[in-house]
Amino acid sequence: MNDREIKKRIEEYRRARKYSQADLAEKLAISQAAYYKIEKGDTSLISDHLSKIASALDISDEALVLGYDPIDRDSYDRIISDLKRQLEEKDRRIAELESSLRDKMQIIRLQEQLLQKN
């Protein structure tokens, strides 16, 4: 992830929240000119700026850097657990259908044997 992409994302989040550069500069306690330099690329994004900007935009640092908010570990574990449960249910249903199919195939074979005898 490079500075340019992060700065573009900052601008997108700012606009999505309908903040002007002056609004965000005020939240960051810096001048509008200083904020403009950050967003337009004249000022390097150091971690201190990034955290403050993310906080002012009410998003995580990761959302600025990655472009999305990674889910927390508990959410991840719940999703995995739910997917495992769904998979187990589908496996159980497949086993039921396979058993039913075997029964039907056996009935068909028996019927064919009866027909051959007649």
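**Reading a helical model**

Tutor: The protein carries 23 positive and 24 negative side chains, and the centres of these two sets are 4 Å apart. Keep in mind throughout that this is a predicted model.

Student: How many helices and how many strands are there in the protein?

Tutor: Six helices and zero strands. Read from the N terminus on, the order of elements is therefore written α-α-α-α-α-α, as helices and strands are numbered from that end.

Student: What radius of gyration does the protein have, and what would a compact globule of 118 residues have?

Tutor: The general idea is to set the value computed over C-alpha atoms beside a rule for globules. Here the protein has 30 Å, whereas a compact globule of 118 residues would be near 13 Å. The box tells you about the outline: taken along the principal axes, the C-alpha atoms fill roughly 100 × 25 × 25 Å.

Student: What percentage of the residues count as buried?

Tutor: A residue is called buried under 20% relative accessible area and exposed over 50%, with partly exposed in between. By that reading, 21% of the 118 residues of the protein are buried. The accessible surface of the whole protein is about 9,100 Å², and carbon and sulfur atoms own 51% of it.

Student: What share of the contacts joins residues 24 or more positions apart?

Tutor: Consider the contacts with a separation of 6 or more: residues 24 or more positions apart account for 54% of them.

Student: Which residues touch the most other members of the largest nonpolar core?

Tutor: A nonpolar core is a set of buried residues joined through side-chain atoms within 4.5 Å. The largest one here has 16 residues, and those touching the most other members are Ile-10, Ile-53, Leu-57, Ile-59 and Leu-64. At least two core residues come from each of α1 (3–16), α2 (21–28), α3 (32–40), α4 (47–56) and α5 (61–66). The most is given by α4, with four residues.

Student: Take Leu-64. Is this residue buried or exposed?

Tutor: Leu-64 sits in helix α5. Its relative accessible area is 0%, so Leu-64 counts as buried.

Student: Which residues does Leu-64 touch, if those up to four places away in sequence are not counted?

Tutor: Leu-64 touches Ile-6, Arg-9, Ile-10, Tyr-13, Leu-50, Ile-53, Ala-54, Leu-57 and Ile-59. For one of these, Ile-53, you can check a backbone distance: Ile-53 and Leu-64 are eleven residues apart along the chain, and their C-alpha atoms are separated by 8.9 Å.

Student: Where are Glu-12 and Tyr-36 found?

Tutor: Glu-12 is in helix α1, and Tyr-36 is in helix α3. With a relative accessible area of 43%, Glu-12 falls between the two cut-offs and is therefore partly exposed. Tyr-36, at 41% relative accessibility, also counts as partly exposed.

Student: How far apart in space are the C-alpha atoms of Glu-12 and Glu-62, and those of Tyr-36 and Leu-24?

Tutor: Sequence separation and distance in space have to be read side by side. Glu-12 and Glu-62 are 50 residues apart along the chain, with 15 Å between their C-alpha atoms. Tyr-36 and Leu-24 are twelve residues apart in sequence and 9.9 Å apart in space, C-alpha to C-alpha.

Student: One point on backbone angles. What is the phi of Ala-29, and what is the phi of Asp-58?

Tutor: For Ala-29, phi is near 60 degrees, a positive value in a residue that is not glycine. Asp-58, not a glycine either, has a positive phi of about 60 degrees.

Student: Where do Ala-29 and Asp-58 lie?

Tutor: Look to the loops. Ala-29 belongs to the loop between α2 and α3, and Asp-58 to the loop between α4 and α5. With a relative accessible area of 68%, over the 50% cut-off, Ala-29 is exposed. Asp-58 is exposed as well, at 68%.

Key
Residues are numbered from 1 along each chain as its sequence is written. This is a predicted model: local features need pLDDT of at least 70, side-chain atom pairs count only at pLDDT 80 or more; totals for chains, interfaces and linings use all residues. Side-chain values use heavy atoms; hydrogens and water are left out. Buried means under 20% relative accessible area, exposed over 50%, partly exposed in between (1.4 Å probe, protein chains only). The radius of gyration is taken over C-alpha atoms; the globule rule is 2.2 Å times the number of residues to the power 0.38. Contact means heavy atoms within 4.5 Å. Accessible areas come from the Shrake-Rupley method with a 1.4 Å probe; for residues, only the protein chains shown count as cover. Lys and Arg count as positive and Asp and Glu as negative; His and the chain ends are not counted. The place of a charge is taken as NZ of Lys, CZ of Arg, CG of Asp or CD of Glu.
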